Amino acid sequence: MSRDTLDSSAPAGANTMDDIAATTSAAAATPLLQARGLCAGYGDFQALYGIDLQVNEGEAVAIIGANGAGKTTLLRTLAGQRPVTAGSLAFGGQVMTGQPAHHIAGAGIAMVPEGRKLFSSLSVEDNLLMGAYTRRPGPWTLERVYSLFPVLREFRLRYGTDLSGGQQQMVAVGRALMANPRLLLCDEISLGLAPVIVRDIYRALPAIRAEGLSIVLVEQDVGQALKVADRVICLQEGRVALEGTPAGLTREQISRAYFGV
Ligand SMILES: Nc1ncnc2c1ncn2[C@@H]1O[C@H](COP(=O)(O)OP(=O)(O)OP(=O)(O)O)[C@@H](O)[C@H]1O
Ligand SMILES: [Mg+2]
């Protein structure tokens, strides 16, 4: 909330403890991330049409939707990797619309990209250290990542690409954590992995959330999304088709929003 907003909404001379408490709770209620009417695309092709998205401090929001619905484009736009063509983006109380990716990363948004995208010529440990390039102060260190995914300590000197798909995904998550983000964006972390490996990766989520991180996760497996998220958003052809809590949404609503039938 800006100073102007505060001033214009406060009665003259209002500076009692009650006013201060009200201001403090209003500040606490400010969402960590707020996208309004977000549009983005690739050249002449528009992929997102006016997305409204709010993520609160400590919240996990799942984005679901069919192939090509715009899930990856949405994450890339939030991370500043695709330009916002209309609408606005705010993070941590700062306007982020039009800011470059490195500025947004520095403010505390880290991405676990679709397809992991490890550096093939670097060891596991060096891949993890690459994540610390835009490091903010915080709890995540090599040690913490190794205790979250012990197999990575064992393989720390191997090349990233010599690992199994699941282990590579752990490196990609660990690399993003090394930046000590406030918001973690995860794009299809379970894609192509065996169920037992997916379970191992998702087991790390409570420990990550315990550090107060907010998470936006794109998940193809709707059951998995409903299990881990506080709120679910379904995209359809670049628009929000449905939004709700896992308990508040029916299967019928979800399949209608997912398939558009
Ligand atoms: N690099 C690109 N250049 C042009 N169009 C693109 C590009 N990447 C994606 N698109 C298009 O943008 C739209 C949204 O794609 P996006 O990758 O965001 O969807 P998605 O929901 O992540 O799909 P998937 O489930 O397949 O990962 C699609 O129509 C896609 O073809
Ligand atoms: Mg995608």
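1. In this predicted model, β2 (45–55) and α3 (71–78) each contribute at least two residues to the shell around ligand 1. The largest contribution comes from α3, which gives three residues.

2. The residues around ligand 1 are Tyr42, Phe45, Ala47, Gly65, Asn67, Gly68, Ala69, Gly70, Lys71, Thr72 and Thr73. Sorted by class, this shell comprises four nonpolar, six polar and one charged residues. Any setup of the ligand environment may be checked against this list, in which Lys71, Thr72 and Thr73 are included.

3. As to the overall composition, the protein contains twelve helices and ten strands. Of its 261 residues, 37% are buried. Among contacts with a separation of 6 or more, 69% are between residues 24 or more positions apart.

4. Six strands form an open sheet with mixed pairing, in the order β6-β7-β8-β3-β9-β10. Its edge strands are β6 (109–112) and β10 (239–244), each of which pairs on one side only. From one strand to the next, the twist averages 20°.

5. At the β10 edge of this sheet, the neighbouring strand in the order is β9. Strand β9 (residues 231–236) and β10 run antiparallel and are joined by five bridges. Within this part of the structure, Gln236 stands opposite Arg239 in β10.

6. At the β6 edge, helix α8 lies across β6 and β7 (183–187). The helix runs at about 170° to β6.

7. The length of α8 was compared with expectation. Helix α8 (residues 165–177) has 13 residues, so at 1.5 Å a residue it should span 18 Å. The C-alpha atoms at its ends are 19 Å apart, which agrees with that value.

8. How many of the 13 residues of α8 are buried? Twelve are, and the helix is therefore largely enclosed by the rest of the structure. The criterion behind this statement is that a buried residue has 20 or more other C-beta atoms within 10 Å of its own. The buried residues of α8 are Gly166, Gln167, Gln168, Gln169, Met170, Val171, Ala172, Val173, Gly174, Arg175, Ala176 and Leu177. Arg175 is thus listed as buried, along with Gln167, Gln168 and Gln169.

How values were computed
Residues numbered from 1 in each chain as written. Chains lettered and ligands numbered in written order. Predicted model: local features only at pLDDT ≥ 70, side-chain atom pairs only at ≥ 80, totals over all residues. Near = placed C-beta within 6 Å. Helix = DSSP H or I, 4+ residues; strand = E, 2+ residues; numbered from the N terminus. Nonpolar A, V, L, I, M, F, W, Y, C, P; charged D, E, K, R; others polar. Contact = placed C-beta atoms within 7 Å. Expected span 1.5 Å × (residues − 1). Pairing = 2+ DSSP bridges. Axes fitted to C-alpha atoms, helices over the stretch in contact; angles between N-to-C directions.
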